[in-house]
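Trainee: I would like to go through the aromatic side chains here. Where should we start?

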Amino acid sequence: MSDHEAATAECDTNIQTNKKKPRTVFIYKKANKDKIEDLKHFSEDFMTSHENRTCSENWELFKDSLKNATDKHIPTKLLSGRWNLPWMNKDIKRLMSKRRRRYNAWKKYGDTADLAEYNKLKDSPEAETQQLCGRTF
């Protein structure tokens with residue numbers, strides 16, 4: 001009998017994705033331009049009394065008035081990441097990873113075989129996604 005035995009271990013791993021926080025963006029094409037032009041009155045008032053304030057006070061006043069005008073007169077919407085797409089399955093993600101690896105290998109080493117493989121895989125995930133997306137909806 002020997003004291004050499006194979007060591008075994010069990011691991012339970014889950015991949016955690018770094019989800020982006022939702023962010024607010026302005027919708028400029030729907031802005032109320034007539035109301036924003038009220039900043040002209042601010043500019044006249046600002047220019048008449050800017051010498052009585054310090055540079056940092058002028059900057060804070062300008063920044064606050066511009067921020068207030070954009071918050072009031074330009075609509076916003078919330079953008080968030082697209083993590084729960086029903087048509088993105090393991091097979092499509094695998095194809096996308098394979099395509100990305102081939103592209104990176106081609107960029108790093110310049111091998112034409114990698115470029116040919118990348119070109120063959122280039123449209124594959126998108127075509128698969130369109131088929132699955134059509135079946136989902």
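Mentor: Start with the accessibility classes: a residue is buried under 20% relative accessible area, exposed over 50%, and partly exposed in between. Keep in mind that this is a predicted model.

Trainee: Is Trp59 buried, exposed or partly exposed?

Mentor: Trp59 is found in helix α3, residues 55-73. Its relative accessibility is 47%. Since partly exposed covers the range between 20% and 50%, Trp59 counts as partly exposed.

Trainee: Which residues make the nonpolar surface patch of about 290 Å²?

Mentor: Patch members need over 30% relative accessible area. Phe62 has 35%, and Trp59 has 47%. The patch is made by Trp59, Phe62 and Leu66.

Trainee: How many aromatic pairs are there, and is the pair of Trp59 and Phe62 stacked, edge-to-face or tilted?

Mentor: Rings pair if their centres lie within 6.5 Å, and the count comes to five aromatic pairs. The ring centres of Trp59 and Phe62 are 6.0 Å apart, with the planes at 40°. Planes under 30 degrees apart count as stacked and over 60 as edge-to-face, so the pair of Trp59 and Phe62 is tilted.

Trainee: How far apart are Trp59 and Phe62 in helix α3, in helical turns?

Mentor: Trp59 and Phe62 are three residues apart in helix α3. That separation is therefore about one helical turn.

Trainee: Which residues form one aromatic cluster with Tyr103?

Mentor: Tyr103 and Trp106 form a tilted aromatic pair, 5.9 Å centre to centre with 50° between the planes. Both lie in helix α4, residues 90-109, three residues apart. The cluster joins Tyr103 with Trp106 and Tyr118.

How values were computed
Residues are numbered from 1 along each chain as its sequence is written. This is a predicted model: local features need pLDDT of at least 70, side-chain atom pairs count only at pLDDT 80 or more; totals for chains, interfaces and linings use all residues. Side-chain values use heavy atoms; hydrogens and water are left out. Patches are made of residues with over 30% relative accessible area and no salt bridge: like charges are joined within 9 Å, nonpolar side chains (Val, Leu, Ile, Met, Phe, Trp, Tyr) within 5 Å. Accessible areas come from the Shrake-Rupley method with a 1.4 Å probe; for residues, only the protein chains shown count as cover. A salt bridge is a side-chain nitrogen of Lys or Arg within 4 Å of a carboxyl oxygen of Asp or Glu. Helices (H or I, at least four residues) and strands (E, at least two) are DSSP runs, numbered from the N terminus. Buried means under 20% relative accessible area, exposed over 50%, partly exposed in between (1.4 Å probe, protein chains only).
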